[in-house]
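Let's take a stroll through the strands of this one and see who sits beside whom. Keep the viewer open as you read.

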Amino acid sequence: MVATYDIERSFDWNYDNGPVYEGGFPEVPKTPQKDFLGLGVNSRIGIPAGLLLNSRWIEFYGRMGFDILTYKTVRNQYRPCYDLPNWVFIDRDDQIDPRILDEAQKMAAGDPSDPLAATSSVSFGMPSKAPDEWMPDVAAARRVLRSGQVLIVSVVASSKPGTSVEDMVREFGDLAAMAREAGAQMVEANLSCPNVHKSEGEIFLDAELSGEIAAAMQKGANGIPVLLKLGHFADEELISEVLHAVEGKASAVVMVNGISRRVVKDDGSAAFGEGREMSGILGRGIHAFSLDNVKSALEIVKKDRLSLKIVAVGGVSRIGDAKEFFDAGAAAVMLGSAPMFDPTLAIQFKKSHPEW
Ligand SMILES: Cc1cc2nc3c(=O)[nH]c(=O)nc-3n(C[C@H](O)[C@H](O)[C@H](O)COP(=O)(O)O)c2cc1C
């Protein structure tokens, strides 16, 4: 299987050597300029926090015509990646039922026959280089952007048991300031990592805390737009509470992150090893309920006349998937895992829909 991220190798190897690519660079179609949160972009097609490990990855996918590029989540300190495996395929080609929370997902034995129709799962633990490495690299990423492209930097606080809520909120604000100083044009707080300590991964389910973090991010961002990465909501009522709590502080929410599920091997043991039972599910299997959450959020925004924009992510690998999100009113559509298998997706999308 050809992929830009080599899942058999470590995060550090991929950081130092990726993206792996031996194909050509097709011409990127010229498209009319659009607005994304106040900046001009060639398209509202992007890559969310994940695949873009550093400035080399950003340069590559920018050259492939993705215009909204998110630098993978960074911290205020070095954090190693979990051991291999970090990325496995799931043995199913249907949609995961969002209501069944305890259904174990079975790891597939081999590679999927069609990687663009695959569901997969990642468990990295949100590794990060230290700021003295990522800040100069964010500056480098900014320099390699082409005209009509924007750089978002995703950040997360590193709370340990015992860290006070005030300290965590302050840390998000400090990280927003660091990312802006480094060269980010927009900053994003990851409130929803599915495979880390529970308190880090489920912040978005606490409306009041999400509002406080949004306010701290807004202060640290000092005028550049703030985005918040949210996970999947089982409860529509809560979507409304969270959107109202962050309104006026964040410019947009990005939804949804991978959903947290137990991933097992054939023999029932944890696919990623003991202690890493839960991991984030991505790709085809989460598209239907990502769409469901995005549509609910857009309805709330419309009904309550909120200024928040909704950036859609979850299982987009085909033109029809992106169309569903744009038709619903998403401000942008992001492809998390599919561009690893086919880096030309933005080019294909732009050819068929220059208005995106
Ligand atoms: C390799 C990889 C690493 C990821 N790391 C992060 C991360 O650091 N922060 C984050 O907010 N989301 C992370 N994600 C989640 C993606 O942003 C996205 O929400 C998820 O892949 C679902 O989109 P998809 O179905 O298009 O893959 C990661 C995804 C992948 C594929």
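Look for V253 and you'll find its bridge partner in β14, I310. Keep in mind that this is a predicted model. That pair belongs to a parallel match-up: strand β11 (residues 252-255) and strand β14 (residues 309-313) are joined by four bridges.

Zoom out, and β11 and β14 turn out to be part of a closed barrel of eight strands, in the order β3-β4-β8-β9-β10-β11-β14-β15, with parallel pairing. From one strand to the next, the twist averages 25°. Helix α4 (residues 165-182) packs on this sheet and touches β8 (150-155), β9 (186-190) and β10 (226-230). The direction of α4 makes about 150° with that of β8.

Now for the other sheet. Strands of a sheet pair through backbone hydrogen bonds, and they can do that either parallel or antiparallel. Here five strands form an open sheet with mixed pairing, ordered β5-β7-β13-β12-β6. β5 and β6 (105-106) stand at the edges with a single partner strand each, so one side of each has no neighbour in the sheet.

β7 (residues 119-122) is a good place to look around. On one flank, three bridges tie β7 to strand β5 (residues 87-89), running antiparallel, and V88 stands opposite S121. On the β13 side (residues 278-283), four bridges make another antiparallel pairing with β7, where T119 has G283 as its bridge partner.

And which way do the β7 residues point? T119 and S121 go one way, S120 and V122 go the other, and all are buried.

Technical notes
Residues numbered from 1 in each chain as written. Predicted model: local features only at pLDDT ≥ 70, side-chain atom pairs only at ≥ 80, totals over all residues. Buried ≥ 20, exposed ≤ 12 C-beta atoms within 10 Å, placed from the backbone. Helix = DSSP H or I, 4+ residues; strand = E, 2+ residues; numbered from the N terminus. Pairing = 2+ DSSP bridges. Axes fitted to C-alpha atoms, helices over the stretch in contact; angles between N-to-C directions. Contact = placed C-beta atoms within 7 Å.
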